Amino acid sequence: MKEMSVSNILQGGQLQQPQKHYGITSSISLAFPREIDNLYTQKLIEAMRPFGVFEEEEELSHRLVVLGKLNELVKEWIVEVSESKNLPPSAIANVGGKIFTFGSYRLGVHTKGADIDALCVAPRHVERSDFFQSFFEKLRKHEGIKDLRAVEDAFVPVIKFKFDSIEIDLLFARLALQSIPDNLDLRGDSHLRNLDIRCIRSLNGCRVTDEILYLVPNKENFRLTLRAVKLWAKRRGIYSNMLGFLGGVSWAMLVARTCQLYPNAVAATLVHKFFLVFSKWEWPNPVLLKQPEDSNLNLPVWDPRVNPSDRYHLMPIITPAYPQQNSTYNVSTSTRTIMNEEFKHGLSVTDEILQGKAEWPKLFEPPAFFQKYKHYIVLTASASTEENHLEWVGLVESKIRVLVGNLERNEYITLAHVNPQSFPGSSMQQTEGDFVSMWFIGIMFKKVENAESVNIDLTYDIQAFTDTVYRQANNISMLKDGMKIEATHVKRKQLHQYLPPEILQRKKKSIAEINRSSNGGATKRTSLDGNYLDSSRDTDSGTPCSSPTLACKSTRLEVSGEDLQNVLPSKTLPFVLNDLEMADTSSKGMSIPVIGQPIQPAVVSTIPTVVRRGFTSLASPPNHQPGSQMTNGLLNTNANSASKRPHSPSMDESPKRIKDMEMLVTLSNDSAFKHPYPPGSSGLEEQEEQDDVIGSKPMPIPTIDTSRSQRLPSKELPDSSSPLPTSNLRVIKNSIRLTLNR
């Protein structure tokens with residue numbers, strides 16, 4: 001593509017001066033909206049209203065009043081702490097203190113009934129222990145505050161409460177300042193000096209949110225576009241950082257990048273361009289909103305030159321504030337594949353909308369998840385009391401991505417698709433007094449070739465997951481009698497035994513159900529990083545958070561159209577960008593992402609995984625295949641050379657056989673393997689009832705009681721060497737064995 005620079009544009013007969021430059025490249029198009037674009041934007045707003053994405057003025061005013069009261073409480077408390085520490089009266093008079101907001105509320109895209117993420121900033125003489133002791137007590141005595149609870153040992157420590165019916169998650173950070181003025185700006189990197197890591201993590205949410213707003217050309221267009229994209233992501237079941245999809249901040253950064261590329265476009269156009277850009281994006285090239293900067297504070301940042309693990313991130317979206325981090329470290333091969341398909345589906349629908357062939361509500365139609373696959377794993381978490389169930393479900397949900405990673409590394413599985421929504425247990429499953437939640441994972445098996453039948457054993461995949469959950473529950477002293485995990489393989493025609501007909505028939509959910517499903521339950525259990533109780537974050541025992549392999553070759557996808565004419569680098573990234581390679585649109589179209597110099601992969605290491613009290617090794621990161629190449633410091637492996645773990649060892653190969661029942665499912669002439677469903681298809685087949693299955697009902701996974709090593713007294717983060725819990729608890733040993741026939 002010939003390089004073009006836009007120095008001015010002509011609109012309405014007037015010469016417009018060059019606009020401010022946004023992002024790491026120049027804009028794709030500076031075109032101003034037409035009247036029809038404004039009309040489509042108004043229709044988009046009307047299509048979103050029924051989903052409750054806009055709050056009424058009265059509700060907005062109530063939030064402001066609550067935040068004002070909370071700010072006054074913080075200032076009063078800081079004065080009290082200052083007096084108790086014998087500060088001079090002159091210093092106490094000016095000590096200050098302030099509440100900052102971040103997340104969806106700060107971005108201006110919160111929905112009705114959404115919580116507020118807030119940060120309490122205090123001067124240097126106020127300790128974190130003061131926040132969790134004296135301030136906690138002050139909140140407890142306040143009559144307007146309900147449901148008060150502290151999570152002090154979380155990755156990002158937080159106090160959660162309801163203040164006049166508004167849910168608030170309050171973090172704490174103390175700065176190296178004598179006083180906190182009301183006009184304090186947290187964007188300056190100098191505020192991070194001499195802070196402990198918990199304060200830096202707590203500040204990060206505010207700093208990232210403020211930086212995103214600073215880097216977009218038009219805040220109102222950005223907000224409306226982000227509202228639409230977030231609603232679309234929730235409706236399509238791809239809004240969950242915890243489960244390996246994208247969380248709120250990641251979607252915000254993708255929308256912000258789109259706004260940078262089309263700085264004058266209105267929301268309707270930006271939604272369409274969002275799908276255009278990211279359906280063509282060449283992952284794992286990173287999405288960056290600004291040139292990464294080094295503040296010489298020695299904090300760890302995302303840098304594939306220095307950190308070998310960064311080279312294996314599949315879908316890097318880098319936060320703009322120092323220290324720069326990848327917000328999508330949980331994304332796996334399967335979740336990236338699913339999101340790519342959704343980007344393409346969104347592009348197709350918005351094409352139809354802008355051509356007048358469809359209306360905006362079509363974009364927000366939910367997918368046919370329960371018609372899409374022929375095989376599902378039903379994961380069930382149960383506990384004997386409601387309080388235990390809430391804790392247990394939070395932990396199990398935070399580890400489901402480990403199970404997805406285990407399954408997708410099986411050589412016979414091409415896709416493991418978890419539905420982010422959890423469902424209550426069916427009456428058939430529940431025993432009296434038990435509280436049950438279920439998740440469904442759609443499985444797509446590889447096409448069987450050159451073999452009459454293939455035996456697939458998923459026992460290892462399931463057991464590695466359950467061991468991880470039980471181990472962490474033990475290490476944080478959560479594991480209690482009655483807490484169980486079970487897994488069952490079912491076919492699509494058996495789902496009616498678990499779910500009501502309205503769910504299986506693609507019932508359109510209300511916004512309240514959408515929010516509950518994205519949070520994993522009616523009560524919010526997540527903190528800043530999306531993990532309440534999951535304090536280990538990246539230290540999942542035995543399995544990395546995201547799949548280390550790239551299952552699909554990253555190919556250069558073409559973009560045609562006069563609006564994709566010019567993406568030029570403003571600077572060169574020190575470790576990511578050298579040049580932005582452009583293709584001539586007249587012949588090849590254009591590749592949107594950035595391309596950099598290859599970097600040699602790191603030496604392969606192995607991570608021990610506890611299985612049946614023995615150890616086996618999973619390669620992480622994978623071996624550098626001959627057909628692979630490094631792009632932007634990231635391993636880019638083609639589909640043929642992608643490393644996948646062979647299927648689970650057979651029971652005979654196991655060092656210690658588990659004597660339990662085996663579930664054998666025979667699939668005769670199963671078209672699922674001869675003609676696998678494309679991710680976008682409904683997967684409905686008239687001949688489904690002709691499939692031969694041994695047993696007419698889904699077969700639950702048998703359970704046994706096992707004796708474990710003694711429980712650790714430590715509350716340190718779990719690792720693969722941590723013993724599994726010892727007690728008479730019912731520990732589920734999962735055995736799922738399938739036979740696939742041609």
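**Sheet, helices and enclosed strands in the predicted model**

Helix α6, formed by residues 197–215, lies across three strands, namely β3, β4 (116–122) and β7 (166–174), and runs at about 120 degrees to β7. The model described here is predicted. The strands crossed by α6 are β3, β4 and β7, and these belong to an open sheet of 5 strands in the order β3-β4-β7-β6-β5, in which the pairing is mixed. The edges of this sheet are formed by β3 (98–102) and β5 (145–151), each of which pairs on one side only. From one strand to the next, the twist averages 25 degrees.

Within the sheet, β5 is joined to β6 (residues 158–163) by 5 bridges, the two strands running antiparallel, and the connection between β5 and β6 is a hairpin of 6 residues. In the register of this pair, Arg-149 stands opposite Lys-160 in β6, and Ala-150 stands opposite Ile-159. On the side of β7, β6 again pairs in the antiparallel sense, over 5 bridges, and Ile-159 has Leu-170 of β7 as its bridge partner. Ile-159 thus has a partner in β5, Ala-150, and another in β7, Leu-170. The hairpin between β6 and β7 has 2 residues between the strands, and Asp-164 in the turn adopts a positive phi of about 50 degrees. Strand β6 is mostly covered, with 5 of its 6 residues buried.

Arg-174 also lies in strand β7, and its relative accessible area of 25% makes this residue partly exposed, since the buried class ends at 20%. Apart from neighbours within four places in sequence, Arg-174 is in contact with Ala-122, Pro-123, Arg-124, Val-126, Glu-127, Leu-195 and Cys-199. Of these contacts, Ala-122 falls within the range of β4 and Cys-199 within that of α6. The C-alpha atom of Arg-174 is separated by 9.2 Å from that of Asp-196, a residue 22 positions away along the chain.

Two helices of 14 residues were examined for length and burial. In helix α1 (residues 35–48), a rise of 1.5 Å a residue predicts a span of 20 Å, and the end C-alpha atoms are 20 Å apart, in agreement with that expectation. The buried residues of α1 are Asp-37, Tyr-40, Thr-41, Leu-44, Ile-45, Ala-47 and Met-48. These residues cover an arc of only 160 degrees around the axis, which places them on the same side of α1. Such grouping can be read against the geometry of an α-helix, which has 3.6 residues a turn, so that residues three or four places apart point the same way. The cover over the buried residues of α1 includes α7 (219–235), α9 (267–279) and α10 (333–354).

Helix α8 (residues 248–261) likewise has an expected span of 20 Å for its 14 residues at 1.5 Å a residue, a value with which the 20 Å between its end C-alpha atoms agrees. Burial in α8 extends to 12 of the 14 residues, so the helix is largely enclosed by the rest of the structure. The buried set runs through Ser-250, Trp-251, Ala-252, Met-253, Leu-254, Val-255, Ala-256, Arg-257, Thr-258, Cys-259, Gln-260 and Leu-261. These residues pack against α4 (103–107), α6, α7, α9 and α10. Helices α7, α9 and α10 therefore appear both in the cover of α1 and in the packing around α8.

Strand β8 (residues 375–383) has 9 of its 9 residues buried and is therefore largely enclosed by the rest of the structure. Both of its faces are covered, with His-375, Ile-377, Leu-379, Ala-381 and Ala-383 buried on one side and Tyr-376, Val-378, Thr-380 and Ser-382 buried on the other. Antiparallel pairing links β8 to β13 (residues 484–491) through 8 bridges, with Ser-382 standing opposite Lys-484. A further 9 bridges join β8 to β11 (residues 435–445), also antiparallel, and in this pair Leu-379 stands opposite Trp-439.For the protein chain as a whole, 16 helices and 20 strands are assigned, and 59% of the 742 residues count as buried. Among contacts with a separation of 6 or more, 77% involve residues 24 or more positions apart. The chain exposes about 30,900 Å², of which carbon and sulfur atoms supply 48%.

Methods:
Residues are numbered from 1 along each chain as its sequence is written. This is a predicted model: local features need pLDDT of at least 70, side-chain atom pairs count only at pLDDT 80 or more; totals for chains, interfaces and linings use all residues. Side-chain values use heavy atoms; hydrogens and water are left out. Two strands pair if DSSP finds at least two bridges between them. Helices (H or I, at least four residues) and strands (E, at least two) are DSSP runs, numbered from the N terminus. Axes are lines fitted to C-alpha atoms, for helices over the stretch in contact, and angles run from 0 to 180 degrees between N-to-C directions. Contact means heavy atoms within 4.5 Å. The expected span of a helix is 1.5 Å times one less than its number of residues. Buried means under 20% relative accessible area, exposed over 50%, partly exposed in between (1.4 Å probe, protein chains only). The arc is that of the directions from the helix axis to the C-beta atoms. Accessible areas come from the Shrake-Rupley method with a 1.4 Å probe; for residues, only the protein chains shown count as cover.
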